[in-house]
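User: I am new to this structure and would like a close look at one part. Please start there and then work outward.

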Amino acid sequence: MTKPLARNEIIKEASGHLRGTLAEGLTVAETGAIAEDDQQLVKFHGMYLQDDRDLRPERTRKRLEKAYSFMIRLRIPGGVCTPEQWLKLDRIARDYANGTLRLTTRQTFQFHGVIKSNLKTVMKAIDAALLDTLAACGDVNRNVLAASNPHRSGAHKAAYDLAAAISDHLLPRTSAYREIWLDGEKVAGGEEEVEPVYGRTYLPRKFKAVVAVPPDNDVDVFAQDLGFVAVLDERGELQGWNVTVGGGMGMTHGEPDTYPRTADVMAFCRPEDALKVAEAVVTVQRDWGDRTNRKHARLKYTIEDRGLSPFRAEVERRIGKALADPKPVAFDSNGDRYGWVEGEDGKGHLTLFIENGRLQDVPGGPQLLTGLRRIAEVHKGEFRATANQNVIVANVASEDRAAIDALVAAHGLTSHAGALRRNAMACVALPTCGLALAESERYLPSLVTALEERLAAHGLAEDEITIRMTGCPNGCARPYIAEIGLVGKGPERYNLYLGGGFDGSRLSKLYAEDLGPHAIVATLDPLFAAYSRERVPGERFSTFLIRTGRVAATANGADFHARTGPLGPALDPAA
Amino acid sequence: MAFPALLPLTAPFAEDERASLDRVLGGANAVQRAWLAGFLAGVDASAGQVAQPAAPPRAAEPLTILFASESGNAERLAQDAAKLARKNGFKPTVIDFADLDVASLGQAKRLIVVASTWGEGEPPGRATKAYNALMGDGAPRLDGVSFGVLALGDTAYAEFCAVGRKLDERLVALGATRAVPRVECDLDFEAPAATWLQGAVEALQPPREAASGNVVAVNFATRTAGEPGRDPVAAEVIEHVNLNSSRSDKETIHLALGFDGAVPPYEPGDALDLYPENDPALVETVLAAARLTSEDDLRRTLTTARDITTLSLKTIESYAAVTHHAGVRSLVVDGGARAWSEGRQLVDLLEAFPASLTADQLRDLTRPLPPRAYSIASSRKEVGDEAHLLVAAVRYESHGRARYGVASTHVADRLRAGASVKARLKANRHFRLPDAAADIIMVGPGTGVAPFRAFVQERRAVGATGRSWLFFGDRRYTHDFLYQLEWQDALKDGSLSRLDLAFSRDAPEKTYVQHRLFERRREVVDWLEGGARFYVCGDAKAMAKDVRAALIDAFADVKALEPEAAEAAVAKLEAEKRYLQDVY
Ligand code: SRM
Ligand SMILES: Cc1cc2nc3c(=O)[nH]c(=O)nc-3n(C[C@H](O)[C@H](O)[C@H](O)COP(=O)(O)OP(=O)(O)OC[C@H]3O[C@@H](n4cnc5c(N)ncnc54)[C@H](O)[C@@H]3O)c2cc1C
Ligand SMILES: Cc1cc2nc3c(=O)[nH]c(=O)nc-3n(C[C@H](O)[C@H](O)[C@H](O)COP(=O)(O)O)c2cc1C
Ligand code: SF4
């Protein structure tokens, strides 16, 4: 017997290529929400219906519905935008959103708090900035990332070009987007349209692709459905790409058959084949992916179920040629390189640290939004959003650096924060995220302060350790490939994961459950102490924990839930 | 006051009955006694009993009572005047300025005018047309008309009783004779108005002998039933909730009042007069300024019964008189007092020109604490013994001091569920629902939406078939959408057919109800041509004017009319009483 299709499949099928009743829903004045099915469809257009969860308790008594508003996510391949575009986005954030721009873990921006009556105005303004939000969310190929530390100018250009090409090639063809948001011409019925790659029901689930340039793994290639890893010769010239498939973070508490998974390196492809390979991987997942269970629909499960080599064979069949085996490549870190770096072309690139990617003017604190606006007003190069929620002021001529540095200083923007903070990421979570079980973005900064104090006490103030927090197990800040991962379970309750690779290639392991703020510090403190005592030179915190048998290494998704908890030498808190 | 006993002890009445009769008859004038005689004779006659031969009835003298009223006070006094006139043998006709044919005014030989002042010295909305006609060149001569004017106003306003004053002067200018000097009443008009009416009716008496008949014929049909709900009643606060979200910079209280059994017989469109108390903190500051902090009786009086915020010219003058304070006197003398009082209150006066006062002096500087009107936001058909109000807290700063609206912040800050408050019905028969089959368009931004909540509840209860269209607006959709969930239900159950919204602070360019109204002009004009009624409630200063202007533009655009013609179209609606306002 065959299992019934997941509900979203019915919705997609019936939507007339992502139209549903969205257009009508926008005209209903008395509610700030849209119809339930449309809430699924609007994601394909780059939006989520949310409500301010801080306000929930008071609303009914005040005869008000939930404080609905929309999150809007842009599609910006490689995270590259011009100063003119930056200024336009900054305007939108201040006029129609909650006064902040949010850099995401996937190299783009989000607006939060846009109410329904302003949606079309904002979408038109985004269009006027020559940007769009199509397929930024939904069961399609999402924004495509490209390695962003642009010191290797040649390879990075290739990476960016491929990312942009994949993003465009896999973009839905439906005209619903223009029709609904930009008052474009109605395509009769919409039904005659064809989606050459996707078909009427698109993909079983979201799909994410990146392009990486070793030794930087800033795009966290192993967390993605599809990855292209640059293979360079000794002169730094691009030979082709290693293709990775089947990475992903999402899981559900208490459901062991859901788990994060690091991608497999499937094969090597020549530059001219990359686009074809990308399309083939997508169509195989389109046809093989599980459309009956959304918790089992990502490519990572398709590969676990069907096996890597059958999957590779099918991809080769669809592109009509065999692929070579992967070439050896090595990553050293999945973080960003802060401060100025100089490209081979002599241009300067300034990576600024933006805590949790939230660009805002903090009363009496750093004026991040204003600062970057001022920079955009004078900057002649471009901006690059990084997959670590930071931003790079890219391609600055040497004579212009001083001016930028002055603005950075004047607005409290910085490339220097504590070592732990520089390597910290938190997802959005409360109050906007509907799935959050605990605080994340609003809590991590203070936790980092507490932890940095302990690290300093053990003489580890300058040691780079990655720490990532999410408000639920979906893993939006990729916590399972951080050395310290904290995943929300409930208000002030987090699961602690340890042992994730500093280079983003190894998953972590559940170490302790349901920790409150104090317990988190108390649990990590002795491990910091031991690390500073017993580590061998150059040893990373995560590798130390595994070498000394405190934490079991996670080989792959399948054994993510095995051998959890503290192992080895009993911890002595006195240390 | 007491009168000498009139009835002999031998009169066939009980002790207390005799006392009561003495109290009434002792105060009655010759005419009243004559009337009563006729009345009693008539009663017996109609009861088929043998009556003493009554003197031949004399034709009652006509008396025209003209009123200009917005919120009903002048109108009520006009009715009182009519009753009193009838008692005194007149045949009164009460005319609303709204319905006045100015040309015919010359025929009125005897005339009483009761007029209130609104806006900044303007006539009540409905009265404007006739008022302008009377003030204009086309006005008729009024030679041979004898009249008296009773002016209603509020000393808190610079243009105190301006309309009454202008009318008084105008009538003389047109040749009429002033039979009785004008009085200008403040908000505590009941007593002075009653006395004035007595005097006016006497003054307009026809020559004595006409009234000399010892018995007056009484038309029983004109016996008017006592108006219910005229006296303040105690209500209990059942629900008190600020409808604005905690992120809003506004504070609008939904106040549900319970009257167990004694709910005033209100109709949708009516208001309640709420009797506030002063902020105890302000009372202390005032007492301190006057060096009277030890006066507990005064403290009680000022808190519950006196207006200690309004600073009228009158107050400044009497303060100068009692204190002889050089500063104030020069203010009064060189006429700077009015300007100085702008945005200031009694406490500023006391602190700027310190002087120690006696308790009586301080009390007499103040007028009685007037009640505040609040449109009733509920229908008895839906809430039974309750009445709901929607109160916006008034808070602002002036001359470096935080100021709190007396009544609205009494409601917002000091009333809570379980508390009790005095209220009195303030009927408004000029703001009523049409029959259930007619369409209505309601424009009510902010607290202006209150009566429309009552309208919608009423129409739901009676299963009205006419369509209802509401235009609502405020600052922000998410935080200031008053009664959002209730409107959603009303749209579902059909008691509300359409809702258009205008929130002014959701986007850089401000949108107000008048903009939405114009956007929807085609349907709006369509509804109106189909006989719909148009209601406006809320802010008088800007909104009401802008909405009217927008409707004129709508007609001009949709019907391709010249501005004058479009204006006329709206004026016609007003004349037909299909464009109704309740603005403040
Ligand atoms: C903004 C962002 C986190 C951030 O702090 O930057 C984010 C925010 C949300 N993610 Fe995510 N995800 C973000 C990157 C990720 C990543 C990281 C990555 O892709 O490199 C992951 C893990 C990788 C993966 O996909 O496995 C991720 C895995 C999820 C999942 C779990 C998917 C799964 O397979 O289980 C969900 C929930 C779902 O899809 O059902 C989710 C859902 C969400 C939603 C839309 C919640 C919802 O579905 O209602 C969050 C919106 C919160 C808000 O108020 O903004 N988000 N999300 C990131 C936006 C990326 C972008 O620009 O497109
Ligand atoms: C028929 C009618 C119906 C009404 N219905 C409602 C209703 O449904 N809901 C409602 O909330 N109100 C309603 N009102 C208004 C209400 O009666 C009161 O006038 C209002 O609540 C203010 O009263 P208060 O005692 O709080 O303020 P007050 O103590 O009377 O102070 C108000 C005075 O303060 C001054 N003032 C106010 N704001 C400022 C400022 N920003 N700057 C300088 N000076 C300022 C002005 O002189 C103003 O007259 C209605 C009024 C009428 C006549
Ligand atoms: C919005 C508003 C404006 C007013 N403007 C004046 C004014 O300018 N001068 C004045 O003497 N009284 C003014 N008053 C007081 C009224 O004249 C007073 O309340 C009167 O009793 C109302 O009588 P009515 O109910 O017959 O209209 C105003 C009252 C309100 C509510
Ligand atoms: S990880 Fe969970 S809480 Fe955080 S943003 Fe993603 S879905 Fe929301």
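Take one aromatic residue: does Phe353(A) count as buried or exposed, and what is the relative accessibility behind that?

Analyst: Phe353(A) counts as buried, because its relative accessibility is 8% and the cut-off for buried is under 20%. Keep in mind that this is a predicted model.

Start with the ring partner. The model has 30 aromatic pairs over all chains. In one of them, the rings of Phe353(A) and Tyr338(A) have centres 5.9 Å apart and planes at 75°, so this pair is edge-to-face. The cut-off for that label is over 60 degrees. The pair links distant parts of chain A, with the two positions 15 residues apart in sequence. Tyr338(A) sits in the loop between α11 (308-319) and β11 (339-342). Phe353(A) sits in the loop between β12 (348-352) and β13 (358-359). Tyr338(A) is also buried, at 19% relative accessibility.

Other rings gather elsewhere. Phe528(A), Tyr531(A), Phe541(A) and Phe544(A) make up one aromatic cluster. In chain B, charged side chains lie over rings. Arg467(B) is over the face of Trp527(B), 3.9 Å from the ring centre. Arg521(B) is over the face of Phe518(B), at 4.1 Å from the ring centre.

Now the ligands, beginning with ligand 1. Its iron atom has a single protein donor, the SG atom of Cys476(A), at 2.3 Å. Cys476(A) is in the loop between β17 (467-470) and β18 (484-490) of chain A. In total, 30 residues surround ligand 1. The closest are Thr104(A), Lys208(A), Thr432(A), Cys476(A) and Arg478(A). By class, this shell holds nine nonpolar, 13 polar and eight charged residues.

Three neighbours in sequence reach oxygen atoms of ligand 1. An N or O atom in the side chain of Thr104(A) is 2.6 Å from an oxygen atom of the ligand. A polar backbone atom of Thr105(A) is 2.9 Å from an oxygen atom of ligand 1. For Arg106(A), an N or O atom of the side chain is 3.2 Å from an oxygen atom of ligand 1. The elements giving two or more residues to this shell are β1 (47-51), β2 (68-73) and β5 (109-114) of chain A.

Move along to Gln107(A). Gln107(A) lies in the loop between β4 and β5 of chain A. Its phi is near 60°, a positive value in a residue other than glycine. Most residues other than glycine have a negative phi. Gln107(A) is buried, at 0% relative accessibility. Thr108(A) is in the loop between β4 (101-103) and β5 too. Thr108(A) counts as buried at 2% relative accessibility. Its C-alpha is 7.3 Å from that of Arg73(A), although the two are 35 residues apart in sequence.

Asn395(A) also has a phi near 60°. Asn395(A) lies in strand β15 (residues 391-396) of chain A and is partly exposed, with a relative accessible area of 22%.

Ligand 4 comes next. Cys476(A), the donor to the iron atom of ligand 1, is one of the residues around ligand 4. Its other neighbours include Cys427(A), Cys433(A), Cys472(A) and Asn474(A). The shell around ligand 4 has seven nonpolar, four polar and no charged residues.

Ligand 2 has chain B residues among its closest neighbours. It is surrounded by 16 residues, and the closest are Arg372(B), Ala373(B), Leu390(B), Ala407(B) and Ser408(B). An N or O atom in the Arg372(B) side chain is 2.8 Å from an oxygen atom of ligand 2. The Tyr374(B) side chain likewise has an N or O atom 2.8 Å from an oxygen atom of ligand 2. Ala392(B) offers a backbone N or O atom at 2.9 Å from an oxygen atom of the ligand.

Two peptide bonds deserve a look. The bond from Pro214(A) to Pro215(A) is cis, with omega near 5°. Pro215(A) lies in the loop between β7 (209-212) and β8 (226-232). The bond joining Leu430(A) and Pro431(A) is cis as well, with omega about 10°. Pro431(A) lies in the loop between β16 (424-426) and α15 (444-457).

One last residue is Cys137(A). Cys137(A) lies in the loop between α6 (116-128) and β6 (145-146) of chain A. Cys137(A) is buried, with a relative accessible area of 0%. Its C-alpha is 33 Å from that of Gly412(A), 275 residues apart along the chain.

Definitions and conventions. Residues numbered from 1 in each chain as written. Chains lettered and ligands numbered in written order. Predicted model: local features only at pLDDT ≥ 70, side-chain atom pairs only at ≥ 80, totals over all residues. Heavy atoms only, no water. Donors = N, O, S within 2.8 Å, 3.2 Å for Na, K, Ca; no water. Helix = DSSP H or I, 4+ residues; strand = E, 2+ residues; numbered from the N terminus. Near = heavy atom within 4 Å. Nonpolar A, V, L, I, M, F, W, Y, C, P; charged D, E, K, R; others polar. Phe/Tyr/Trp six-rings, centres within 6.5 Å; stacked < 30°, edge-to-face > 60°. Buried < 20%, exposed > 50% of the residue type's maximum accessible area, 1.4 Å probe, protein only. Lys NZ or Arg CZ within 6 Å of the ring centre and 35° of its normal. Polar contact = N/O pair within 3.5 Å; in protein donor to acceptor, adjacent residues only side chain to side chain.
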